[in-house]
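Here are a few short exercises to help you find your way around a new model. Try each task yourself, then check the steps under it.

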Amino acid sequence: MSVEIECGAEEDSDMGWRLHVIAKDEAELDRINYAAKTTTERLKRRYCLKW
């Protein structure tokens with residue numbers, strides 16, 4: 001499995017971003033989706049990316 005972060009302009013000097021997870025074929029997709037969603041929410045509460 002690998003994880004990538006995609007960044008793009010959102011508002012003013014804030015940078016919007018998205019977490020992408022690339023998993024193997026035999027991976028449990030429901031579990032991975034849940035983990036990616038909760039991790040994204042935690043990181044967005046903790047960090048604000050700036051240009």
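**Exercise 1: the overall layout**

How many helices and strands does the secondary structure of the protein come to?

Solution. Start with the ground rules: this is a predicted model, where local features need pLDDT of at least 70, side-chain atom pairs count only at pLDDT 80 or more, and totals for chains, interfaces and linings use all residues. Residues are numbered from 1 along each chain as its sequence is written, and side-chain values use heavy atoms, with hydrogens and water left out.

Next, pick out the elements: helices (H or I, at least four residues) and strands (E, at least two) are DSSP runs, numbered from the N terminus. The tally is one helix and two strands. Read from the N terminus on, they run β-β-α.

**Exercise 2: confidence**

Find which element has the lowest mean pLDDT and which the highest.

Solution. First, the score: pLDDT is the predictor's confidence in each residue, from 0 to 100. The protein averages 79, and 78% of the residues score at least 70. Now go element by element: strand E1 (residues 2-9) has the lowest mean, 75, while H1 has the highest, 88. A word of caution: where pLDDT is low, don't read the predicted coordinates in detail.

**Exercise 3: the helix**

Work out how the reach of H1 compares with the expected span.

Solution. Take the recipe first: the expected span is 1.5 Å times one less than the number of residues in the helix. H1 covers residues 29-46, which is 18 residues. From first C-alpha to last, H1 reaches 26 Å, close to the 26 Å expected.

**Exercise 4: buried or exposed?**

Sort Thr40, Leu19, Gly8 and Ala23 by how they are covered.

Solution. The cut-offs come first: buried means under 20% relative accessible area, exposed over 50%, and partly exposed in between (1.4 Å probe, protein chains only).

- Thr40 sits in helix H1 and is buried because its relative accessibility is 15%.
- Leu19 belongs to strand E2 (residues 15-22) and, at 18%, is buried too.
- Gly8 is part of strand E1 and comes out partly exposed, at 26%.
- Ala23 is in the loop between E2 and H1 and is partly exposed, with 29%.

Thr40 has company in H1, where Ile32, Ala36 and Thr38 are also among the buried residues. For the whole protein, buried residues make up 16% of the 51 residues.

**Exercise 5: who touches whom?**

Leaving aside neighbours within four places in sequence, which residues is Leu19 in contact with?

Solution. Contact means heavy atoms within 4.5 Å. With those neighbours set aside, Leu19 is in contact with Val3, Glu4, Ile5, Ala36, Thr39 and Thr40. Do the same for Thr40 and you get Trp17 and Leu19.

Then try some C-alpha distances. Leu19 and Thr39 are 20 residues apart along the chain, with their C-alpha atoms 8.6 Å apart. Ala23 and Val3 are also 20 residues apart in sequence, and 8.8 Å separates their C-alpha atoms. For Gly8 and Arg18, ten residues apart along the chain, the separation is 8.7 Å.

Finally, zoom out: among contacts between residues at least 6 apart in sequence, 33% join residues at least 24 apart.
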